[in-house]
Amino acid sequence: QVSDTRLAAREEYNRNHQPSFTHGQNVERYKDFVLLPLSKRRFCQDCQQLLLPAEWEEHSDHQFLCDISTAQLRSPSRLLYPLENKKTNAQYLFADRSCQFLLDLIIDLGFRRVLSVGTPRLHEMIQSKDSQEEDFRVRSLLLDIDFRYSQFYTEDEFCHYNMFNHHFFGGEAACETCRKFLCQDNGEGVIMVTDPPFGGLVEALASSFKKLMAMWKETEKGCNNQEMPVFWIFPYFFESRILEFFPSFSMMDYQVDYDNHALYKHGKTGRRQSPVRIFTNLAPSKIVLPVEEGYRFCAICQRYVSSGNQHCEICNSCTSKDGRRWKHCVLCKKCVKPSWFHCNNCNCCALQNHTCEKTDAGCFVCGKAGHKRSTCPSLSRT
């Protein structure tokens, strides 16, 4: 039970943290902002807000950027500070290499509309090309928790959305915008690309994505047994969890890297390579990976794999997950990482200096053997 005092405190917190302007007001402000001469275009870095001349005075003691160009307005993810709190946002942004690869792949596969769920950099690349190239035919709708993007996009280009509970903050109007985007052209030519925070619960994300896919299926008249095409970008060690909820998905070997993440960078070797991959329900043979970046086509598996991912004749597949060449363990009857060795105590492969499961490890709470912390009798008594 939550006390009335706590509920009131929470309501007060929510009221104090509401955005300064609604999405509609931000759209009108943006129209006024782009009409200003370059010398009068300012962006407050403290408030993360575009400023009109009448508002300069109240932000006079803040840090701000001057002479905001049209190119900067087309790339808001470079203008705004990334929200890097791992517990709430974890807003890591695609590097240009990965972003360009995804867009080229989407175009090559014939998709004309992209539902960008938590992928602001891909969305802005599509928007920028659409405004600059006459023959560019791809459209994008961004669904994101970061309301700051409402300063740069209209209600038809951005919806304030929580992917963990499938909540549209704009209510039924925003939900209808998403539905119309998915149902255009009878639901054909659309793909969902999503890049959730890696600390997020897979079950909650899968539930929301299934609802978005069901929204598409309502509009799709032709093949009722089909799924909406999806690119889910997530670390490879979540493969079993994703396949649990989406058995039709498979993992590609392509390593996705990020601009503002210290570890998830391209070109590193061994365990320092980016662990982030693309999970998709499209046929793996359709996903062409760049040969110049170290990928090759396996004729037996009928898919592109990392050059270090060698085909195992016993498993009859390219088994490596992290880009290194894995080795087959006869006792485990599967391929394992090259640094792992078979342990007769554990009856499975593990690191050479690991602690065997069969050793008597005590409970973290009471120190006694035979149970874990979660089932400790001392906890239930307290």
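**A guided tour from strand β9 outwards**

Five is the number to look for at the outset: 5 bridges join strand β9 to strand β11 (residues 276-280), and the two strands run antiparallel. The model on display is a predicted one. To see one point of this pairing, select P235, which stands opposite V276 in β11.

Next, select the whole of β9, residues 230-235. This strand is mostly covered, with 6 of its 6 residues buried. β9 also pairs with strand β8 (residues 190-194), here in the parallel sense and over 3 bridges. Select M192 to find one contact of this kind: its bridge partner in β9 is V230.

**The aromatic rings**

Now display the aromatic side chains; the structure holds 16 aromatic pairs. Select Y149 and F158, whose ring centres are 6.4 Å apart. Why is this pair classed as tilted? The planes of the two rings meet at 55 degrees, and an angle from 30 to 60 degrees is neither stacked nor edge-to-face. Both Y149 and F158 are buried.

Move to Y236 and F237, an edge-to-face pair with 5.5 Å from centre to centre and 70 degrees between the planes. Is Y236 buried or exposed? Its relative accessible area is 14%, and the limit for a buried residue is under 20%, so Y236 counts as buried.

Keep these two residues selected and add F94, F198, F209, W232, F234, F238, F246, F249 and Y258; ring pairs link these residues with Y236 and F237 into a cluster. At F246, add K210, which lies over the face of the ring at 5.4 Å from the ring centre. For another charge over a ring, select K327 and F341: the charged end of K327 sits 4.1 Å from the centre of the F341 ring.

**The nonpolar cores**

In soluble globular proteins, nonpolar side chains tend to be buried together. The largest nonpolar core in this model has 66 residues. Select L115, L143, F168, L212, F231 and W232, the members that touch the most others in this core. Then select helix α8 (residues 202-219), which supplies the largest share of the core, 8 residues.

Centre the view on L115. Which residues does L115 touch, leaving aside those up to four places away in sequence? They are L141, L143, C178, F181, L182, I191, M192, V193 and L212.

As a last stop, select F33, I68, L80 and F158, which are among the members of a second, separate core of 14 residues. F158 is the partner of Y149 in the tilted ring pair visited above.

Methods
Residues are numbered from 1 along each chain as its sequence is written. This is a predicted model: local features need pLDDT of at least 70, side-chain atom pairs count only at pLDDT 80 or more; totals for chains, interfaces and linings use all residues. Side-chain values use heavy atoms; hydrogens and water are left out. Buried means under 20% relative accessible area, exposed over 50%, partly exposed in between (1.4 Å probe, protein chains only). Helices (H or I, at least four residues) and strands (E, at least two) are DSSP runs, numbered from the N terminus. Two strands pair if DSSP finds at least two bridges between them. Rings of Phe, Tyr and Trp (its six-membered ring) pair if their centres lie within 6.5 Å; planes under 30 degrees apart count as stacked, over 60 as edge-to-face and the rest as tilted. A charge sits over a ring if NZ of Lys or CZ of Arg is within 6 Å of the ring centre and within 35 degrees of the ring normal. A nonpolar core is a set of buried Ala, Val, Leu, Ile, Met, Phe, Trp, Tyr and Cys residues joined through side-chain atoms within 4.5 Å. Contact means heavy atoms within 4.5 Å.
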